[in-house]
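Please read the points below with the structure open beside you, and look up each place as it is mentioned.

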Amino acid sequence: MATLHTIDDYLAGLEAPDAAVIGHVYDVAREVVPDAAQGKGYGMPALTYRGKPLLSVMRAKSHIGVYPFSPAAIVAVAPLLSGVDHAKGTIRFDPADPLPDDTVRALVLARREQIDGV
């Protein structure tokens, strides 16, 4: 497998429906943090903010995983995750039933505030 350098590289290698769902999550994240840049987090293509990983969204065999690089960010949005499969470091969803935009916004805001030290 080729090395994935950017989110754009990653999206280009996905099937169109998955790329659309994942691309939308990144678009919503950029609304919250417009100065986020494409980079890497733990080897995954990710949005970065102030040099730290902000969010990665990846296709797995049976789901799409959202990785905010922070268990505390997931805890912060736990009330919005009722019925959504999640664990300490990831939120998993079926591409046919994507995360609501408000949940993505809240997650990214929680992570941005951590990075900012708020």
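1. A good place to begin is valine 66, which, when residues up to four places away in sequence are set aside, touches Leu55, Ser56, Val57, Gly89, Thr90, Ile91, Phe93, Leu99 and Leu107. Please keep in mind that this is a predicted model.

2. The strand pairing comes next. β3 and β4 run antiparallel and are joined by 4 bridges, and the hairpin that leads from β3 to β4 passes through 4 residues. One pair to look up here is serine 56, whose bridge partner in β4 is tyrosine 67.

3. β4 also pairs with β6, again in the antiparallel sense, over 3 bridges. Valine 66 has isoleucine 91 in β6 as its bridge partner, and Ile91 is also among the residues that valine 66 touches.

4. Which residues of the largest nonpolar core touch the most other members? Of its 37 residues, they are Ile22, Leu54, Leu55, Val57, Val66, Leu107 and Val108. The elements that give two or more residues to this core include the strands β2, β3, β4 and β6 and the helices α1, α2, α3 and α4, and α2 gives the most, with 8 residues. In soluble globular proteins, nonpolar side chains tend to be buried together.

5. Finally, is threonine 103 buried or exposed? This residue, found in helix α4 (residues 101–116), counts as buried because its relative accessibility is 5%, and the cut-off for buried is under 20%. Apart from neighbours within four places in sequence, threonine 103 is in contact with Leu80 and Leu81.

Terms used: Residues are numbered from 1 along each chain as its sequence is written. This is a predicted model: local features need pLDDT of at least 70, side-chain atom pairs count only at pLDDT 80 or more; totals for chains, interfaces and linings use all residues. Side-chain values use heavy atoms; hydrogens and water are left out. Buried means under 20% relative accessible area, exposed over 50%, partly exposed in between (1.4 Å probe, protein chains only). Contact means heavy atoms within 4.5 Å. A nonpolar core is a set of buried Ala, Val, Leu, Ile, Met, Phe, Trp, Tyr and Cys residues joined through side-chain atoms within 4.5 Å. Two strands pair if DSSP finds at least two bridges between them.
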